[in-house]
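Student: Please take me closely through a single part of this model, the place where a few helices meet towards the end of the chain. I would like one connected explanation that begins with the whole and then narrows down.

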Amino acid sequence: MSLDLSAVARAVGGTCVPHSLPDRTPVDGVSALESFVVIGNPDYATLITAAPDGLIAALEAEDDGREDLSGAVYVSPADDPRLRAELARHDMTAILGTRVGGAALHATLAALIADDRAAADRLVTAGMNVLTQVARRGGVTAVIAELAHRIDGWAVLLDAQGQLVASAGAGRLHVSDAAALALGRPVRVRHDGLQLHQVGSDRDLAGYLVIATRSSRTSHSRDLASLAAALFDLLLRTHDPSLTEHLGREALLSTLLAGGGSARELLRRWGVHEPSLTAFELGAKTRTIDLERLLRRWFDELGAEHVFAADHDRMRGFVRDELASELALRVESFTPVAGRGVHLGVGASAPAEALSRSAVQARQALDTALEDGRRVISYAALATVDLVLSTLDEASGEALSSILDPLREPSGRHGELARTLHVFLSTHGGHRASAEQLGIHRQTLASRIRRVEGLTGLSMDRADDRAAAWLALRAAGI
């Protein structure tokens, strides 16, 4: 709820006299003095209406209810030195000098609280409507991202065993605490707004939703998260019939990137007979846009074969050379309701049996488009670094990228360390920005950078070494 003591004072024309409670304390109820029993929620203020003499007599009475009464907030049209002195002596917050009094004051306060609760309910309903809409477009990932935005905090979704399913906001930094809270283990609570919501029933548990909010409207976030947990229960149990198709597309795209006669034959079977194609990569800064559905519609409009697949939070694929500009026009003109568009990187045309280099170029172009906030960037329009790389033959490019070979994982692929180095250099060595983008603590970032320096022999304090590392990253297509 957004109704606090200062808002009540403005509404009834009084002056807030804070003692035990600050004027920003949210309000959750009103009671006449003779009906008051106990404070319902210590985090919220309960308003009390009564004649001044009746209140002073109750405060001075030696009974068990005295402490509870001083924790409430007195509201009255009266305002005189004796009343203020008694309120100060008992450390009781008040709103004095209101425009109305008696039964009219009590009715006005009750109406204010009812209106505030109705507004909070409307916010929850509107929020749930949006969560349902983004669920259709982006599933669990989109819902948790929108939830974190609406509660002004972070969210972590775990399965029944406490393993991470998805996170948003700063949730990735708090996965261990979220899992400990969900599984009943000792946890150091790092946020006052930490909440746990069960996904599914005790007999049919699907997981746990843990949220933390910076907002003072904890009841609003609790209601919205509770409804979101029910939505997650549905999403986690709904089988996606397109999963097999997605896996098949990824395997087919891997064959195309491997090149050679197999790639050429696969394209023919896919219905693509052009001797050359142009690689593209599509991405967005928000996870609430269904890139695959959008790309599928655009390709249908262009009459192009669906030679694309999802790659984490991006879409990558190939299109006939003459259709690359048409795809770019659609990206330029696309503006969703939220005002955040999509971004496209376009590689150079390449023979159908040697498409991998064009795919690397498209990824580099998209990276630049996302960093610069531009809708479409063609590899040919990139700046000096990419022009230098384009002049290297295959052997020279491999020699340059070999600088990063010590960072490879046991599988031979570049992983965590290479990704960390890329983000660190792309943010101009900014520790805070890099850590936030990677979802790690700054000390973890510093530790990884030291490991990179130790393994490669490069120093991030030297400009020449930073330039060499960046060239190696771009040559390796990272």
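Tutor: Of the 478 residues in the chain, 45% are buried (under 20% relative accessible area with a 1.4 Å probe, protein chains only; over 50% is exposed, and partly exposed lies in between). The model is a predicted one, in which local features need pLDDT of at least 70 and side-chain atom pairs count only at pLDDT 80 or more, while totals for chains, interfaces and linings use all residues. Residues are numbered from 1 along each chain as its sequence is written, and side-chain values use heavy atoms, leaving out hydrogens and water.

The chain contains 18 helices and 14 strands (DSSP runs numbered from the N terminus, H or I of at least four residues for helices and E of at least two for strands). Where contacts (heavy atoms within 4.5 Å) join residues at least 6 apart in sequence, 60% of them link residues at least 24 apart.

Now to the part you asked about, beginning with helix H15, which covers residues 416–426, and helix H16, which covers residues 431–438. The axes of H15 and H16 (lines fitted to C-alpha atoms over the stretch in contact, with angles from 0 to 180 degrees between N-to-C directions) come within 9 Å and cross at roughly 135 degrees. The two helices, H15 and H16, are therefore oblique to each other (angles under 35 degrees count as roughly parallel, over 145 as roughly antiparallel, 65 to 115 as roughly perpendicular and the rest as oblique). On the H15 side, Arg-419, Thr-420, Val-423 and Phe-424 make the contact, and on the H16 side His-431, Ser-434, Gln-437 and Leu-438 do so. Sorted by class, the residues where H15 meets H16 are 3 nonpolar, 4 polar and 1 charged (Ala, Val, Leu, Ile, Met, Phe, Trp, Tyr, Cys and Pro are nonpolar, Asp, Glu, Lys and Arg are charged, and the others, Gly among them, are polar).

H15 has another partner, H17, and the axes of H15 and H17 come within 10 Å and cross at roughly 105 degrees. That angle makes H15 roughly perpendicular to H17. From H15, the residues Glu-416, Leu-417, Thr-420, Leu-421 and Phe-424 meet Leu-445, Arg-448, Ile-449, Arg-451, Val-452 and Leu-455 of H17. The contact of H15 with H17 consists of 7 nonpolar residues, 1 polar and 3 charged. If you trace Thr-420 and Phe-424 of H15 on the model, you will find them in the contact with H16 and again in the contact with H17.

Following the chain onwards from H17, which spans 442–456, you reach the loop that leads to helix H18, at 463–475, and Ser-459 lies in this loop. Ser-459 has a relative accessible area of 22%, so it is partly exposed. Leaving aside residues up to four places away in sequence, Ser-459 touches Glu-453, Asp-465 and Arg-466. Ser-459 can also be placed relative to Ile-449, which is 10 residues away along the chain, with 9.3 Å between the two C-alpha atoms. Ile-449 is one of the H17 residues that meet H15, and with that residue we are back at the helix where this close look began.
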